[in-house]
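Let's take a friendly walk through a protein model and the ligand it holds. Have the sequence and the 3D view ready, and look up each residue as it comes along.

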Amino acid sequence: MCDHFDLVVVGGGIVGLAHALAGVRRGLSVALFDRDERASNASIRNFGFVTVTGQRAGRTWERARYSRDVWDRVAGPAGIPVVHSDLLVVAHRPEAMAVLSAFADTDMGADCRLLDRTGLYDRLPMAATGATGGLYSPHERRVEPRTAIPALWSWLEMQGVRFFRRVAVRGVEPGFVDTTVGRFRAGHIAICPGPDLATLFPDRLAAHRLSLCKLQMLRVAAPGWRLPAAVMGDLSLARYDGYAALPAAAPLRQRLQAEVTDALENGIHLIIVQSADGSLVIGDSHHYGPTPDPFASQQVDDIILREARALLDLPPDLAVQERWNGYYPSSPDQTAFIDHPADGIALTMVSSGTGMSTAFALGEEALAQLLGEPDPLAI
Ligand SMILES: Cc1cc2nc3c(=O)[nH]c(=O)nc-3n(C[C@H](O)[C@H](O)[C@H](O)COP(=O)(O)OP(=O)(O)OC[C@H]3O[C@@H](n4cnc5c(N)ncnc54)[C@H](O)[C@@H]3O)c2cc1C
């Protein structure tokens, strides 16, 4: 007789961990399978930036608010330091300031504060010269993903989740999970495979018209000052749905298209966050395809660094300490989805760059759907 668990989770990235947490919260016996010894994909390669402000209006924004609150609840018990909180969006072009003004008038801008030029430099003296103002948001958190995700594995293990490391799940059917170490029985199954679109329910995934997105990231040496918050700039306002969908974003996009064509062509927008040792994580670019190449382009890194200098007053001799690529599945229209390919099986995928910000809500939603409970975000 094979082992039985109330819930089997496939995938130990942030999405799988969120489902495991949702199972633990309900007192279920939970097993989690990952084909790797430890998570090593998008969930540890991102900024660790739990972003609320700027997310797509509606469900995505609601998921981000919900998930941020879960991060606040679990970070302490799981031993995950919140490296910094809040967000400062710096507007250099007047068109960017117009987007921020329009955003501040929406429901999503309610708790944010528009900053004039003086207010911006008071809060962010290291902003590059020429800023016209900005926006302060109190909603964000930042964790160090490369330590936060392993800490979540350890903490969930202490909560009773059984982790099966270096075990691939080869097939799933209602009530059963076939793995490289044998067959398991499962009351419910949550599949959270990240960018693996080929192993489990590939036909089902194909219907979502997914491609993969490749992103380049950099870590640079400590600049000698501390950021008071995560920082974004003009380019982000043309990319993050919460801003970019506003009519006021059209003139900004036009101007960026004329002035920084290469940045737009490479899907570059700027997020800069700081780690505990003072080093800065700077990114990122976006290139799409069924199998994006694995090579980090120096030309793309140079554009990212040029735009970082346009955003913050960085030292001239900035040393790049690390470069890496990340990959995630990308959908033309959905930021995430929960599919149900068969009875008792949820297939959850974040199909945009928002998983650190929204996964905890998705885990709760998927479990609620599997167990016939009301929508947790509507309660
Ligand atoms: C460079 C970069 C920057 C980003 N920045 C941010 C950010 O600042 N804020 C934000 O909210 N989001 C950000 N994101 C997006 C976020 O990182 C992802 O949405 C999220 O990590 C996806 O988590 P996941 O668990 O779905 O996937 P993954 O982290 O890819 O994990 C999937 C796991 O499933 C396992 N697996 C798959 N199939 C099987 C199988 N058959 N059997 C066993 N194991 C299997 C894999 O081994 C893997 O460990 C960023 C992403 C990247 C790449």
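## Starting from one arginine

Not counting residues up to four places away in sequence, Arg142 touches Phe47, Gly48, Phe49, Pro81, Val82, Val83, His84, Val273, Gln274, Ser275 and Val281. Keep in mind as you look that this is a predicted model. Arg142 sits in strand β6, which covers residues 133-142. Is Arg142 buried or exposed? Its relative accessible area is 1%, so Arg142 is buried. A polar atom of its side chain lies 3.0 Å from the backbone oxygen of Gln274, and Gln274 is also one of the residues that Arg142 touches.

## The ligand and its shell

Phe49, one of the contacts of Arg142, leads us to the ligand. How many residues surround the ligand? There are 39, and the closest are Asp34, Ser43, Asn46, Phe49 and Ser357. Sorted by class, the shell has 20 nonpolar, 13 polar and six charged residues.

Several backbone atoms of the protein lie opposite N or O atoms of the ligand. Here they are side by side:

| Protein atom | Ligand atom | Distance |
|---|---|---|
| Backbone N or O of Arg35 | nitrogen | 3.0 Å |
| Backbone N or O of Phe49 | nitrogen | 2.8 Å |
| Backbone N or O of Thr354 | oxygen | 3.2 Å |

On its own, the ligand has 1000 Å² of accessible area, and the protein covers 98% of it.

Which helices and strands each supply at least two residues of the shell? They are α1 (14-25), α2 (42-45), β11 (211-220), β16 (320-330) and α13 (355-371).

## Two domains

The domain assignment divides the protein chain into domain 1 (4-44 + 146-208 + 334-378) and domain 2 (84-140 + 211-330). Their C-alpha centres lie 31 Å apart. Where the domains are in contact, domain 1 contributes 11 residues and domain 2 contributes nine residues.

Why does the ligand lie between the domains? Domain 1 and domain 2 both give residues to the shell around the ligand, so the ligand lies between them.

## A buried valine and a partly exposed proline

Now find Val172, in strand β8 (residues 169-173). Val172 has 15% relative accessibility; because buried means under 20%, Val172 counts as buried. Leaving out residues up to four places away in sequence, Val172 touches Val177, Ile189, Ile191, Leu200, Phe201 and Ile345. The chain also brings in a distant partner here: Val172 and Ala342 are 170 residues apart along the chain, and their C-alpha atoms are separated by 9.5 Å.

Pro228 can be found in the loop between β11 and β12 (230-232). With a relative accessible area of 39%, Pro228 is partly exposed. Which residues are in contact with Pro228, leaving aside its neighbours within four places in sequence? They are Ser85, Leu88, Arg123, Leu124 and Met126. Ser85 is 143 residues from Pro228 along the chain, and the C-alpha atoms of these two residues are separated by 7.9 Å.

## A glutamine with polar partners

Gln216 lies in strand β11, one of the strands that supply residues to the ligand shell. At 1% relative accessibility, Gln216 counts as buried. Its side chain makes a polar contact with the side chain of Asp301 (2.7 Å). A polar atom of the Gln216 side chain also lies 2.7 Å from the backbone nitrogen of Ser297. Setting aside neighbours within four places in sequence, Gln216 has other contacts as well, including Gly283, Asp284, Phe295 and Trp324.

## Backbone details

Two of those contacts, Gly283 and Asp284, deserve a second look. The peptide bond from Gly283 to Asp284 is cis, with omega near 0°. Asp284 belongs to the loop between β14 (280-283) and β15 (287-289).

Next, try Asp86, in strand β4 (residues 84-91). Asp86 is not a glycine, and its phi is positive, near 75°. With a relative accessible area of 18%, Asp86 is buried.

Arg209 is not a glycine either, and has a positive phi of about 50°. Look for Arg209 in the loop between α7 (202-206) and β11. Is Arg209 buried or exposed? Its relative accessible area is 53%, so Arg209 is exposed.

Technical notes
Residues numbered from 1 in each chain as written. Predicted model: local features only at pLDDT ≥ 70, side-chain atom pairs only at ≥ 80, totals over all residues. Heavy atoms only, no water. Near = heavy atom within 4 Å. Polar contact = N/O pair within 3.5 Å; in protein donor to acceptor, adjacent residues only side chain to side chain. Areas by Shrake-Rupley, 256 points an atom, 1.4 Å probe, with all protein chains shown as cover. Helix = DSSP H or I, 4+ residues; strand = E, 2+ residues; numbered from the N terminus. Nonpolar A, V, L, I, M, F, W, Y, C, P; charged D, E, K, R; others polar. Domains from an automatic or database assignment. Buried < 20%, exposed > 50% of the residue type's maximum accessible area, 1.4 Å probe, protein only. Contact = heavy atoms within 4.5 Å.
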